[in-house]
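Please explain where empty space is enclosed within this protein and where a nonpolar patch lies on its surface. A reader new to the structure would welcome a guided account.

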Amino acid sequence: MNRNKSRRKWTHWCCWLLAASFVLMGSAAAFTLVVDPYQIYHPMIGGPPRFNRYLQRFSVPGLARTARYEIALAGTSMLQNIPNSAVERLCGGKAVNLCMAGASIHEEAATLRLILKHPGTKTVLLTLDYNSFSGGAIEPVPGVDLVFPAYLYDDSPFDKFPYFLSLDSLLTSYRDLRAPLREGETFDSDWPWKFPDTMKFEAAHAVQGIDPHAINRGFGMSNLNLEPMKAAFAANMFALLEGNKAVKIHFVLPPYSILVWHDYAQRGQIPVYFAFKKWLVEQAERTGHFDIVDYQDRANIITNMALYADIYHFNERITEQLVRSACTGDALLTRNNFNERAQSLLHLVQSTDPVEIVREARGGR
């Protein structure tokens, strides 16, 4: 009798514990889903959404699903430094910025899939950075140690448990409602990914730490080969592009500074990247699913180091020019102008000296 009584007490206690656990878990999930700090299911409730430069990969899928927009900017940091209102002024439609610093081609494709499923999308501007291919078809870019929450990008409801049942999401929901802003955070939904003030657009700042004889020494960018780049683009993009009938897609080749092209020359990468660009143009004209906006041969931009914060990232005025050209159909790279533009860029590299460029940027020292 005592044994049966103890068993009943133990069973009773376990049932209460299980019930209390379900109540606590349900309350936590309900709180997260109601607030929805990453806006996966609806715009955030209880206050303005908070944007963190270091958590772009968590914010992007929610914005892609629930924001109101016709024009989407996506890809890497090369297009993130522009207000949405500027894009709207330049392109004539409601805009959202879905860029991610150091995005891989796989991450870009995951974002593009959500953009194309959004019912209001009319135009997409998506950067193509060569280093995005350094992880191959599915791996992240080497050196970018930022978690990619793939479960937030798919359509399955069953793998969202890490979002609405995790302690991290619960704390994020509470912080977004109550805590003051931290470094890297903003409530500015118009310009959520604005570059920090530490990125000074001036020549001397752009060449800090640069060895003109071995430019890649401070960056560690990977050497790439043509066939893996083509395979990575095809594996990630072709199905999305072929399934899209209504949205205009512009792949944007950003204007790296001339020192980047000297780095490519030092590593023997220029022929690879030129061949990849030519292949992209052929695919664009063959399929008609996208076009290529190329700013890489703009001599007045890429040779002016005062426009850069480092040898890759240019100021917001150049970003505005790039966005305007994409929306107006200017600066398109085609089969007819490819050779002329490639030779123009190659001539800029051959007729300039990286040692002299760095010396002048440092004030002649």
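The paragraphs below treat the internal cavities and then a surface patch.

The model shown here is a predicted one. Rolling a probe the size of a water molecule over the atoms reveals where empty space remains. When the whole structure is searched, two cavities of 30 Å³ or more are found.

The largest cavity holds about 40 Å³ of space. Its lining is formed by F274, K277, D294, D297, L333, F338, R341, A342 and L345. Two elements, α10 (270–287) and α13 (338–350), each give two or more residues to this lining. The largest share comes from α13, which supplies four residues. In terms of class, five of the lining residues are nonpolar and four are charged, while no polar residue is present.

The second largest cavity contains about 30 Å³ of space. The residues that line this cavity are P37, Y38, Q39, P49, R50, F51, S59 and L63. Sorted by class, the lining comprises five nonpolar residues, two polar residues and one charged residue.

Attention may now turn from the interior to the surface. There, F158, F161 and L165 make a nonpolar patch of about 330 Å². One of these residues, F158, is located in the loop between β4 (123–127) and α5 (161–164). Is F158 buried or exposed? F158 counts as exposed because its relative accessibility is 65%, and the exposed class begins over 50%.

Note on methods. Residues are numbered from 1 along each chain as its sequence is written. This is a predicted model: local features need pLDDT of at least 70, side-chain atom pairs count only at pLDDT 80 or more; totals for chains, interfaces and linings use all residues. Side-chain values use heavy atoms; hydrogens and water are left out. On a 1 Å grid over the protein atoms alone, a cavity is a set of points where a 1.4 Å probe fits but cannot get out, and a pocket is an open set with protein on both sides within 12 Å along at least five of seven lines; lining residues have an atom within 4 Å of a point. Grid points are joined across faces, edges and corners, and a volume is the space filled by probe spheres set on the points. Ala, Val, Leu, Ile, Met, Phe, Trp, Tyr, Cys and Pro count as nonpolar, Asp, Glu, Lys and Arg as charged, and the others, Gly among them, as polar. Patches are made of residues with over 30% relative accessible area and no salt bridge: like charges are joined within 9 Å, nonpolar side chains (Val, Leu, Ile, Met, Phe, Trp, Tyr) within 5 Å. Accessible areas come from the Shrake-Rupley method with a 1.4 Å probe; for residues, only the protein chains shown count as cover. A salt bridge is a side-chain nitrogen of Lys or Arg within 4 Å of a carboxyl oxygen of Asp or Glu. Buried means under 20% relative accessible area, exposed over 50%, partly exposed in between (1.4 Å probe, protein chains only).
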